[in-house]
Amino acid sequence: MRYVIDPPSVPSLPVLGSELRFPIRRVFCVGRNYAEHAREMGSTVDKGTPMFFGKPADAVVSDGADVPYPSITTDLHHEVEMVVALKAGGRDLSAEQAMAAIFGYGVGLDLTRRDLQAQVKAKGHPWDVAKGFDHSAPVSALRPASDATPGPDTELRLSVNDELRQHGRLGEMIHDVPAILVALSTLFELKPGDLIFTGTPAGVAALKRGDRFHAELAGIAELNGRIV
């Protein structure tokens, strides 16, 4: 097949223990999935249906590359999250089908232009400019689920310049992974290559140029990077 312009390259992530890479199709994110984070953002805790938003696949930053400080913001915030990568999909999945669709797990940062988010929220506008900008999704190498699967006691941590900023356990999520995937599959037909950011614990704060970050999903994945 011939195109009028060169087709874009496929964003991808490394896979631990393999020379193969995981191609990224779409990036879904869950908002306000830890009660304390919802409260620190001035939101009510909603235990009903998960709230979803998205990022472009090419917003993913892989392989520990530097993260450029984005334009049109003076308040860039970190949100550390477990990331789930799918090898299969479907519509209206059961919890069992959802878990069987998982390829592996990683850890990532949902970077947020917090000042822009406040502005668009005040106007009742979508969050796209605050969440879906270039380089807004650094993600670690993926750990295949066949090697290790996180549980409720698995810790999620983020340090900036060697100072612990965020810490939580996956069991604190309002909606767990099966519930997230089941709900998401009622809204979209999930596909191989989809990534899901599963929400952040409390402690979100600002990043500045020169900051170095270390994110960890304990025993599963680690991510190091720098804001430039």
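This report walks through a predicted model, taking in a four-stranded sheet, a helix, some loop residues and a pocket.

## The four-stranded sheet

Let's start with the sheet. Strands β13, β12, β16 and β17 sit side by side in that order, forming an open sheet with antiparallel pairing. At the edges you'll find β13 (163-169) and β17 (221-226), each of which has a pairing partner on one side only. Going from one strand to the next, the twist averages 10 degrees. As background, strands in a sheet pair through backbone hydrogen bonds, and they can do so in a parallel or an antiparallel way.

Now take the pairs one by one. β12 (residues 155-160) is joined to β13 by six bridges, in the antiparallel sense. On its other pairing, β12 meets β16 over five bridges, again antiparallel. Then β16 goes on to β17 through six bridges, and those two run antiparallel as well.

## Who faces whom

A few residues make handy landmarks. Leu158 is a good one to find: its bridge partner in β13 is Gln166, while in β16 it stands opposite Ala215. Over at the β16 and β17 pairing, Phe213 stands opposite Gly225 of β17.

## The turn between β12 and β13

How many residues lie between β12 and β13 in their hairpin? There are two, and Asn161 in the turn has a positive phi of about 55 degrees. Asp162 is also in the loop between β12 and β13. Its phi is positive too, at about 70 degrees, although Asp162 is not a glycine. Is Asp162 buried or exposed? Its relative accessibility is 80%, so Asp162 counts as exposed.

## Glu216, a charged residue tucked away

Back in the sheet, have a look at Glu216, which belongs to strand β16 (residues 212-217). Glutamate counts as charged, yet here Glu216 is buried, because its relative accessibility is 17% and the cut-off for buried is under 20%.

What does Glu216 touch, once neighbours within four places in sequence are left aside? Its contacts are Val107, Glu155, Leu156, Arg157, Ala221 and Glu222.

## Helix α3 and its cover

Moving away from the sheet, helix α3 covers residues 114-123, and its buried residues are Arg114, Asp115, Leu116, Gln117 and Val120. Which elements help cover them? Among them are β6 (76-77), β9 (112-113) and α4 (128-131). Just after α3 comes Gly124, with a positive phi of about 75 degrees.

## Another loop residue with positive phi

Asp92 is worth a stop as well. You'll find Asp92 in the loop between β7 (80-86) and α2 (95-100). Its phi is near 50 degrees, which is a positive value in a residue other than glycine. With a relative accessibility of 56%, Asp92 counts as exposed, because exposed means over 50%.

## The largest pocket

Last stop: the largest pocket, with a volume of about 180 Å³. Its lining takes in 13 residues, and those nearest the centre are Pro150, Gly151, Pro152, Asp176 and Val177.

What is the lining made of, by class? Nine of the residues are nonpolar, three are polar and one is charged.

Definitions and conventions
Residues are numbered from 1 along each chain as its sequence is written. This is a predicted model: local features need pLDDT of at least 70, side-chain atom pairs count only at pLDDT 80 or more; totals for chains, interfaces and linings use all residues. Side-chain values use heavy atoms; hydrogens and water are left out. On a 1 Å grid over the protein atoms alone, a cavity is a set of points where a 1.4 Å probe fits but cannot get out, and a pocket is an open set with protein on both sides within 12 Å along at least five of seven lines; lining residues have an atom within 4 Å of a point. Grid points are joined across faces, edges and corners, and a volume is the space filled by probe spheres set on the points. Buried means under 20% relative accessible area, exposed over 50%, partly exposed in between (1.4 Å probe, protein chains only). Contact means heavy atoms within 4.5 Å. Two strands pair if DSSP finds at least two bridges between them. Axes are lines fitted to C-alpha atoms, for helices over the stretch in contact, and angles run from 0 to 180 degrees between N-to-C directions.
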